[in-house]
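Here is a quick tour of one protein chain, written to be read with the model open beside it. It begins with the overall picture and then moves to a few local spots.

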Amino acid sequence: MTTNKSRLVVALALCATLVGCGEGFSDLRTFVKESEKNLPRKIEALPQVKPFTPFSYEGFDLPDPFKPRKLAIKQENAGANAPDLNRRKEPLEAFPLEQLKMVGTLNQSGVMYALVRAERTLYQVKKGNYLGQNFGLIVDISDSEIKLKEIVQDTAGDWAERESVLPLLEGPAPGGK
């Protein structure tokens, strides 16, 4: 019996709650009616879809600009700027220029040397030595930078010279005191 009474009490409470929720929405109904007045009644038609015309790519003999590839070294028409590929590589040519850090200079018997760090090893270089992976020849050393003449190959396979600079690393060296 008590379960029937409790069910009746819950049902009455639920009905009272629902009746109470039904009142007081007049301001909401007014807002919705006012908002509908400003809405456009006619929806504009969608624009006409233009038919797709396929494009036929005719440059199959040209290099694909989206495919990474390594340039082949052309020997037949290398040009005047071509590097000496038979020259013995120096140790610092194994590193990209971005990994090399100039940490100081040295002047011995009138010859200016630069101190270059690659990973954890310190190298002493002078004018005429090579740095980096682009055949970078050291053309000048100052207290603040190393000037290089690099030889790079363009997409057509021609060799071109460009100037690069390896600046002096400012601040204390990593791992130093």
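In this protein, 44% of the contacts with a separation of 6 or more are between residues 24 or more positions apart. Keep in mind that the model is a predicted one. The protein has 177 residues, and 19% of them count as buried. It exposes about 14600 Å², with carbon and sulfur atoms supplying 58% of that area.

As for secondary structure, there are two helices and seven strands. Along the sequence they follow the pattern α-α-β-β-β-β-β-β-β.

**The three-stranded sheet**

Let's start with β1, β2 and β3. These three strands form an open sheet in the order β1-β2-β3, with antiparallel pairing. β1 (100-108) and β3 stand at the edges with a single partner strand each, so one side of each has no neighbour in the sheet. From one strand to the next, the twist averages 30°. As a reminder, strands of a sheet pair through backbone hydrogen bonds, in either a parallel or an antiparallel way.

How many bridges hold β1 to β2? Eight bridges join this antiparallel pair. One place to look is Asn 107, whose bridge partner in β2 is Met 112. On the other side of the sheet order, β2 (residues 111-118) is joined to β3 by six bridges, again with the strands running antiparallel. Here Leu 115 stands opposite Gln 124 in β3.

**Hairpins and positive phi**

Most residues other than glycine have a negative phi, which makes the next few residues worth a click. β1 and β2 form a hairpin with two residues between them, and Ser 109 in that turn has a positive phi of about 55°. Ser 109 sits in the loop between β1 and β2. Is Ser 109 buried or exposed? Ser 109 counts as exposed because its relative accessible area is 80%, and the cut-off for exposed is over 50%.

The hairpin of β2 and β3 also has two residues between its strands, and there Glu 119 takes a positive phi near 55°. Away from these two turns, Phe 135 has a positive phi of about 55° although it is not a glycine. Phe 135 is found in the loop between β4 and β5.

**The aromatic pair**

Phe 135 has another role in this story. The count of aromatic pairs comes to one. Phe 135 and Trp 159 form that pair, in an edge-to-face arrangement with 5.9 Å from centre to centre and 80° between the planes. The pair links distant parts of the chain, with Phe 135 in the loop between β4 and β5 (136-141) and Trp 159 in strand β7 (residues 159-167), 24 residues apart. Both partners count as buried: Phe 135 because its relative accessible area is 11%, and Trp 159 because its value is 10%.

**Asn 129 and its surroundings**

Now move to Asn 129, in the loop between β3 (121-126) and β4 (130-131). Why does Asn 129 count as buried? Asn 129 is buried because its relative accessible area is 18%, and the cut-off for buried is under 20%.

Which residues does Asn 129 touch, leaving out those up to four places away in sequence? They are Glu 90, Gly 136, Leu 137 and Ile 138. With Glu 90 there is also a polar contact of 3.2 Å between the side chains. If you want one more distance to check on screen, the C-alpha atoms of Asn 129 and Leu 148 are 9.6 Å apart in space, while the two residues are 19 apart in sequence.

**Accessibility at a glance**

The table gathers the accessibility values from the sections above.

| Residue | Relative accessible area | Class |
|---|---|---|
| Ser 109 | 80% | exposed |
| Asn 129 | 18% | buried |
| Phe 135 | 11% | buried |
| Trp 159 | 10% | buried |

Terms used
Residues numbered from 1 in each chain as written. Predicted model: local features only at pLDDT ≥ 70, side-chain atom pairs only at ≥ 80, totals over all residues. Heavy atoms only, no water. Helix = DSSP H or I, 4+ residues; strand = E, 2+ residues; numbered from the N terminus. Buried < 20%, exposed > 50% of the residue type's maximum accessible area, 1.4 Å probe, protein only. Polar contact = N/O pair within 3.5 Å; in protein donor to acceptor, adjacent residues only side chain to side chain. Contact = heavy atoms within 4.5 Å. Pairing = 2+ DSSP bridges. Axes fitted to C-alpha atoms, helices over the stretch in contact; angles between N-to-C directions. Areas by Shrake-Rupley, 256 points an atom, 1.4 Å probe, with all protein chains shown as cover. Phe/Tyr/Trp six-rings, centres within 6.5 Å; stacked < 30°, edge-to-face > 60°.
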